[in-house]
Amino acid sequence: MTAVLEAVGLTKRYGRRRALSDCTLSLPAGRVVGLVGPNGAGKTTLLHLACGLLKPTSGTVAVLGSAPASGPDQLARVGFVAQDTPTYPGLSIEDHLRFGAHLNPRWDNALARRRVDSLGLDPAQRAGKLSGGQRAQLALTLAIAKRPDLLILDEPVASLDPLARRDFLRALMEFVAEHGASVVLSSHLVTDLERVCDYLVVLASSRVQVDGDVDELLATHHRLVGARRDADDLPAGQTLLEASHTDRQSTLVVRGDSPTDDPSWEVEPLNLEDLVLSYMSLAANAGRTPVLEASR
Amino acid sequence: MIWLTWRQARTQTLVAMAALAAVAVALLVTGLNLAHLYDSSGIAGCTANCDSFRETFLNDADGGFTGIVYHLAIVLMYVVPPVIGVFWGAPLIARELESGTYRLVWNQSVTRTRWLAAKLLGIGLVGVAVTGLLSLAVSWSAAPVDRVSLNRLDPNVFASRGVVPLGYAAFAFVLGVVAGMLIRRTVPAMAVTLAVVAAAQILMPTVIRGHLIPPTHKTVALDAQHLKGFGISEQGQRMEVRGAYSDPGAWLMDVTTVRPDGTDFTGPANQEACNRDTSPKNCMDWLATLNLRQSVTYHPASDFWPLQWVEGGLFAGLAALMALFCFWWVRRRLA
């Protein structure tokens with residue numbers, strides 16, 4: 001299977017601030033990829049690099065085998081729903097569909113009309129008068145009616161209420177089921193992604209912390225609970241992500257190909273949210289450690 | 001892309017067309033009126049006393065509705081280019097950057113270069129065309145006055161005629177686009193555009209225009225017939241001599257009084273001939289004996305079109321350079 005997105009050493013700097021550091025990533029095709037990380041982790045930067053809105057400071061990124069936004073053909077193959085789902089407030093829904101039809105050779109007019117109908121939107125209404133959820137649906141309609149091979153969505157549901165969130169994700173999954181496109185969507189909440197993603201990328205502190213198939217990630221990450229002991233005292237074949245101790249008990253979050261058979265540990269499965277949180281706190285602590293050493 | 005550009009600019013274009021139509025009607029009425037005044041003034045066939053015919057005509061033309069439209073038309077030609085720059089140029093890209101819609105439109109199946117080309121050329125050409133039609137209408141309407149008063153080179157009139165307004169319009173528009181691209185916010189970009197265009201409109205006549213093509217130099221005798229008057233300082237140390245030199249339709253840039261040896265004459269005045277108690281005639285007679293000359297630097301009326309083409313071309317060239325910069329920036333840097 002070819003990769004829909006192949007990044008090698010991808011770095012974006014704004015002045016001295018690094019928005020994305022040395023990101024090497026290969027996302028498989030035909031998947032719904034969730035990109036999760038705290039605010040300011042570099043999610044938007046990565047997605048903007050992928051659709052060519054930004055140029056990398058160093059490193060390379062290829063999307064569907066070519067440089068992002070390298071030409072009309074490449075642009076036609078990638079759909080993008082930007083954060084806060086921008087639309088032209090002065091133009092009506094009808095106008096948006098017409099410009100979509102004018103600007104995209106692969107435009108599926110029937111699909112666009114059907115979606116506007118089923119959403120119960122009045123085509124004559126100005127986009128500026130739509131609710132956040134309706135605007136997000138309009139932006140999604142524009143992105144999917146161009147029939148992209150890869151659909152990129154940047155925090156599409158962040159500003160939506162729970163109902164609009166559910167409807168939006170449902171619409172997205174319908175499109176995936178019908179057209180088999182690959183999807184990359186970002187969120188700072190794992191719960192948004194859990195239901196729709198089968199591949200996960202955790203981005204924190206401008207770096208990719210982990211990426212992989214969701215089932216595989218769940219199968220290789222565990223929580224170990226046992227009598228209090230040193231964090232160094234790990235079962236063989238496990239990598240420590242996070243450790244917390246009470247007076248009597250140690251809790252470790254570890255990564256390993258198979259759970260340990262050491263009977264002194266009680267092995268618990270990890271849900272996706274805990275897994276992501278462990279990587280986020282790992283990234284946050286990694287940033288802090290040198291400061292502690294310096295003050296010692 | 002043309003459809004979207006048209007859809008986004010529809011309202012402003014229709015407003016501009018309506019305004020253009022209204023102005024055109026006013027100019028048509030005024031132009032016909034002025035033509036009628038000219039025909040009935042007797043200037044065309046005059047053999048004697050032509051100056052008084054001219055004066056009567058200019059007085060008539062300056063009065064009432066006709067006069068108001070004539071003067072407003074000049075003002076309008078100075079206002080239109082900055083308005084195009086501020087209200088069409090500056091928001092063109094800045095608004096998309098500010099509101100985030102560039103993220104929508106740059107991900108349609110159209111390259112940024114084509115997107116910019118459609119916006120820049122489409123709206124820019126409409127702006128230049130509107131200015132061109134206006135300039136044509138104003139130049140036609142005011143033609144009888146221009147023919148009589150011969151003041152088309154006057155710094156106040158020059159940029160309201162011919163092809164210069166088109167150059168200013170193109171310049172102001174692209175300048176607005178560049179400012180919007182670099183500042184990325186609409187209102188500051190509008191302010192910068194207005195400031196720069198206004199500065200250009202002030203600097204051109206005061207500093208630059210006279211040197212766009214080399215002015216003509218001429219030395220004329222300042223003998224008894226050509227002496228017209230003089231000014232004298234309290235102690236008689238400094239003197240200023242006025243000659244009767246005139247060249248209808250010319251733009252006088254500099255007139256200096258020089259001695260026969262070519263040095264500037266600034267006094268001192270002869271104390272006997274030119275003092276408080278003698279008649280000015282004595283002083284004039286004394287001045288006539290000095291063999292003074294006037295050194296005149298000027299653009300003759302025939303420089304009107306060469307100056308128009310050079311100034312219009314200069315601004316069109318600046319607009320083209322800035323447009324190239326826009327294309328470079330949108331591809332390389334605006335990311």
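Val225 of chain A stands opposite Thr251(A), which lies in strand E12(A). The model is predicted, so local features are reported where pLDDT is at least 70 and side-chain atom pairs count only at pLDDT 80 or more, while totals for chains, interfaces and linings use all residues. Residues are numbered from 1 along each chain as its sequence is written, and chains are lettered from A and ligands numbered from 1 in the order in which they are written.

**The sheet of 4 strands**
- In chain A, an open sheet of 4 strands follows the order E11-E12-E10-E13 with antiparallel pairing; strands (E, at least two residues) and helices (H or I, at least four) are DSSP runs numbered from the N terminus, and two strands pair if DSSP finds at least two bridges between them.
- Strands E11 (239-245) and E13 (265-269) of chain A stand at the edges with a single partner strand each, so one side of each has no neighbour in the sheet.
- The twist from one strand to the next averages 25°, where axes are lines fitted to C-alpha atoms, for helices over the stretch in contact, and angles run from 0 to 180 degrees between N-to-C directions.
- Within this sheet, E10 (residues 221-227) and E12 (residues 249-255) of chain A pair in the antiparallel sense over 7 bridges.

**The sheet of 6 strands**
- Another open sheet of chain A has 6 strands in the order E5-E6-E7-E3-E8-E9, with mixed pairing.
- Its edge strands are E5 (78-81) and E9 (207-213) of chain A, each pairing on one side only, and the twist averages 15° from one strand to the next.
- Strands E3 (residues 32-36) and E8 (residues 199-204) of chain A run parallel and are joined by 4 bridges, with Val201(A) in E8(A) as the bridge partner of Leu35(A).
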